[in-house]
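Hi everyone, thanks for coming. Let's have a look at this one together, a helix to begin with and then the ligand.

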Amino acid sequence: MNRTRLTPHPMDLPPGLTSIREAVRETPVRATCDVLVVGGGPAGVGAALAAAQTGADALLVERYGMLGGMWTAGLVNPFFEATRNGWIVTQIVRRLEEAGAWMPWRWAYTFDPETMRRELERLMSEAGVRLLYHCLCVDSIVEGNRVRGVVIESKAGREALLANVVVDCTGDGDVAARAGAPFEFGRLGDGLVQPMTLMFEIDGTGDFAQDSAAALFDAMAQAIEEHNLGVELPFGRANYVPWLIALPAAGTAAVQLTHVYRLNPLDPADLTAGTIDARRQAAEAVKILRHVPGLQGVRLRRTAAQIGVRETRRILGAYQLSLDDLAAGRRFPDGIASCAFGVDIHEPAPGAGVPSGHGATMQPYEIPYRCLLPADLLNLLVAGRCISGTHEAHASYRVTGTCVATGQAAGLAAALSSARNLPPSQLSGPSLRAALIHLGVALP
Ligand SMILES: Cc1cc2nc3c(=O)[nH]c(=O)nc-3n(C[C@H](O)[C@H](O)[C@H](O)COP(=O)(O)OP(=O)(O)OC[C@H]3O[C@@H](n4cnc5c(N)ncnc54)[C@H](O)[C@@H]3O)c2cc1C
């Protein structure tokens, strides 16, 4: 049995010890596959389904006991960019519609998260994707600059998964970062990332219809003052928060309100502090909402299992998408997905009156395949919110429909490169674009 031993005994350790040396170990290989997708959020679902539907033997590994990422563990609603994004989004939407778990909401759509979990599992099973839940990917296996697989940790211990191509859909770019890919973190200048938000659901909303974020902010501020509630809202008056997002089940809503600032979502101590603070904010918010006309009957149903992380690593790829590209509505010969969502930056430091994205303008734009190819690494693709882009551009393409679309493109590319025994970086971007258009992705 392979053990890491501390010598001398822990009680005798010298003060100031900052690391220990682990024993060299043999790590059993649990599985091999053509395409390994790490992370089962919107991007991972897109990647695994696209790879398997193209004929690859696809394995998806996920740390939680569910698919959906922010859609389900994070209770994020609504679904933005649900149209024009190709066949995988269409399959998901159709399933939710058939289950009566999908409805239009303002300029987007909302869904029932429990139905989402179940329908995603059905889609995976029908496509033949192998699923492995409850496994955290903790390291990448790299030979030279070639990614060969990942190391996972679970109740079964530490094991390896090997693949021809790996697709990093962890949101945080864990696989790419552990393989040595360069990345950026936060905005230029102070390195701050967007605040985290613990989503929660309420019931008892009746037929309350919210006009705007500012109108609900004003109503809550008035309730605090008139009823001497002795609490503060965690953010200033802005155009993007708070929102009560009506869900398909009558009288229920997802609430986008709590905000925790200046924390590092890659640090478990910060995640813990942020989660506890945001859970307190959620309970206080419900007390305030009960004094807002039309919302007297609301109750807290549940907070999300996972605090919402908007931004962490942005892996640097062969191309970095920028605000200029968005402002120009740029198209690319290797464009593999499009996005028409605005630049939605929740101010990294709390401030009143700052409009989302500082009022940055954009036009529908494309995302080039090169943003999915981490610099200097072979056999690895990234998809979802960790692709290569600036802090500002990321604030647009991070929405879930676009993440499915980059995942779909990465899954197709991974399946093709595995079948042709070529690294993804040697696939032709324009040919991939043509294949995606052929499969119904609306790229002009
Ligand atoms: C509070 C909040 C509100 C938002 N509101 C909206 C909205 O209204 N509409 C919208 O469309 N988008 C919204 N977004 C953006 C959107 O939810 C995310 O950008 C999107 O979910 C990112 O998709 P992803 O697949 O890249 O990552 P995620 O959804 O984060 O999924 C990553 C998956 O990988 C798993 N994982 C991570 N690390 C590991 C590891 N090391 N090993 C194994 N598994 C791992 C996670 O458990 C998760 O399932 C919001 C985001 C937040 C945080």
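Let's start at the N-terminal end of helix α6, where D267 acts as the cap: one of its side-chain oxygens lies 2.8 Å from the backbone nitrogen of A269. Do keep in mind that this is a predicted model.

Now follow the helix along. α6 runs over residues 268–289, and at 1.5 Å a residue its 22 residues should span 32 Å; the end C-alpha atoms are 31 Å apart, so the two agree.

Which residues of α6 are buried? They are G274, T275, A278, Q281, A282, A285, V286, I288 and L289. These cover an arc of only 145 degrees around the axis, which means they sit on the same side of α6. The general rule helps here: an α-helix has 3.6 residues a turn, so residues three or four places apart point the same way. On the other side of α6 you'll find A269, I276 and K287, which are exposed.

And what do the buried residues of α6 pack against? Their partners are β10 (200–203), α5 (213–226), β11 (243–246) and β13 (299–303).

Over to the ligand. There are 31 residues around the ligand, and E62, R63, P78, R398 and T400 come nearest. Some backbone N or O atoms are worth a click too: C137 has one 2.9 Å from a nitrogen atom of the ligand, while R385 has one 3.0 Å from a ligand oxygen atom. Taken alone, the ligand exposes 990 Å², and the protein buries 97% of that. As for the shell around the ligand, the elements giving two or more residues are α1 (42–53), β6 (136–143) and α9 (400–420).

That's my tour, thanks for listening!

Technical notes:
Residues numbered from 1 in each chain as written. Predicted model: local features only at pLDDT ≥ 70, side-chain atom pairs only at ≥ 80, totals over all residues. Heavy atoms only, no water. Helix = DSSP H or I, 4+ residues; strand = E, 2+ residues; numbered from the N terminus. Expected span 1.5 Å × (residues − 1). Buried < 20%, exposed > 50% of the residue type's maximum accessible area, 1.4 Å probe, protein only. Arc of directions from axis to C-beta. Contact = heavy atoms within 4.5 Å. Polar contact = N/O pair within 3.5 Å; in protein donor to acceptor, adjacent residues only side chain to side chain. Near = heavy atom within 4 Å. Areas by Shrake-Rupley, 256 points an atom, 1.4 Å probe, with all protein chains shown as cover.
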